[in-house]
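Colleague: I have the sequence and the model open side by side, and I would like a close look at one part of the chain rather than a tour of the whole. Please start with whatever I need in order to follow the naming, then work outward from that part through its surroundings.

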Amino acid sequence: MANKEDIGFTLPRGATGFFQPEDGLLPKTDLRAFRAALHTAARIAGGEVGKVEERAYPRTFHTAEVVQSAGVSIVLCHAHFPWIAFAQSRGDWHEEEFLVPPSWASSFTALGFMVLGSEKLATPLSRIDTSLLTQGEWRQVRYHGVTTLGGVLFNAWD
């Protein structure tokens, strides 16, 4: 269901974390690259890497902290595609509480990740190209009442 007014973002099959075995396995984000970018980001921010929590089913993302004297930044990394977001707090589901990326987020981009801002993550699905999602993925999106890009990408559907 492509939309002519989309914001230039296409959700690939598996962006929701759901897949059918007959469709093949989903790709995995390079966790070593994420950790390397995280350490670079912490260094640039004048802080250090705090707790890193690898994705656990049914969550679709890894969570990490960059600890600075001013506080802790929560970094989310999609488990299947190289997308980074920043959230107000840890949790299994994020839909609207995303933050504007800090200036040091560019360290993720330099290592091949796409940093998604709060405005983009709040975009309604009606403005995103969702034509590659499977029927099964759409069933889950509808069942859970998810309406935003961020809600689709950073969730725990179970």
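Modeller: In what follows, helices (H or I, at least four residues) and strands (E, at least two) are DSSP runs numbered from the N terminus, and the model itself is a predicted one. With that naming, Leu25 falls in the segment before α1, and this is the part I would look at closely. Exposed here means over 50% relative accessible area, and Leu25, at 71%, therefore counts as exposed. Setting aside neighbours within four places in sequence, Leu25 is in contact with Arg13 and Phe19. Gly14 is eleven residues from Leu25 in sequence, with 8.9 Å between their C-alpha atoms.

Pro12, which lies in the segment before α1 (31–45), has another setting. Its relative accessible area is 18%, and because buried means under 20%, Pro12 is classed as buried. Beyond residues up to four places away in sequence, Pro12 touches Phe81, Trp83, Leu132 and Leu133. Lys51, by contrast, is 39 residues from Pro12 in sequence and 29 Å from it in space, C-alpha to C-alpha.

Phe19, one of the contacts of Leu25, leads on to the largest pocket, which holds about 350 Å³ of space. That pocket is lined by 17 residues, and those closest to its centre are Gly17, Phe19, Leu26, Arg55 and His80. Sorted by class, the lining comprises nine nonpolar, six polar and two charged residues.

Further along the chain, the peptide bond from Tyr57 to Pro58 is cis, with omega near 10°, and Pro58 belongs to the loop between β1 (48–53) and β2. The charged end of Arg59 sits over the ring of Phe61, 5.3 Å from the ring centre.

Phe61 brings us to the aromatic pairs, of which there are nine. In one of them, Phe61 and Phe154 meet edge-to-face, with 5.8 Å from centre to centre and 70° between the planes. Phe61 is in strand β2 (residues 61–68) and Phe154 in the segment after α5 (149–153), so this pair ties together parts that are 93 residues apart in sequence. Phe61 has a relative accessibility of 0% and counts as buried, and Phe154 is buried with a relative accessible area of 0%. A further pair joins Phe86 and Trp104, whose ring centres are 5.6 Å apart and whose planes stand at 80°, so that this pair too is edge-to-face. It links distant parts of the chain, since Phe86 is in strand β4 (residues 83–87) and Trp104, 18 residues away, is in the loop between β4 and α2 (106–110). Both Phe86 and Trp104 are buried, and together with Phe34, Phe108 and Phe113 they make up one aromatic cluster.

Finally, on the C-terminal side, helix α4 (residues 135–144) has Gly136, Glu137, Trp138 and Val141 as its buried residues, and α5 is among what covers them. In an α-helix there are 3.6 residues a turn, so residues three or four places apart point the same way. After α4 comes Gly145, with a positive phi near 70°.

Technical notes: Residues are numbered from 1 along each chain as its sequence is written. This is a predicted model: local features need pLDDT of at least 70, side-chain atom pairs count only at pLDDT 80 or more; totals for chains, interfaces and linings use all residues. Side-chain values use heavy atoms; hydrogens and water are left out. On a 1 Å grid over the protein atoms alone, a cavity is a set of points where a 1.4 Å probe fits but cannot get out, and a pocket is an open set with protein on both sides within 12 Å along at least five of seven lines; lining residues have an atom within 4 Å of a point. Grid points are joined across faces, edges and corners, and a volume is the space filled by probe spheres set on the points. Ala, Val, Leu, Ile, Met, Phe, Trp, Tyr, Cys and Pro count as nonpolar, Asp, Glu, Lys and Arg as charged, and the others, Gly among them, as polar. Rings of Phe, Tyr and Trp (its six-membered ring) pair if their centres lie within 6.5 Å; planes under 30 degrees apart count as stacked, over 60 as edge-to-face and the rest as tilted. Buried means under 20% relative accessible area, exposed over 50%, partly exposed in between (1.4 Å probe, protein chains only). A charge sits over a ring if NZ of Lys or CZ of Arg is within 6 Å of the ring centre and within 35 degrees of the ring normal. Contact means heavy atoms within 4.5 Å.
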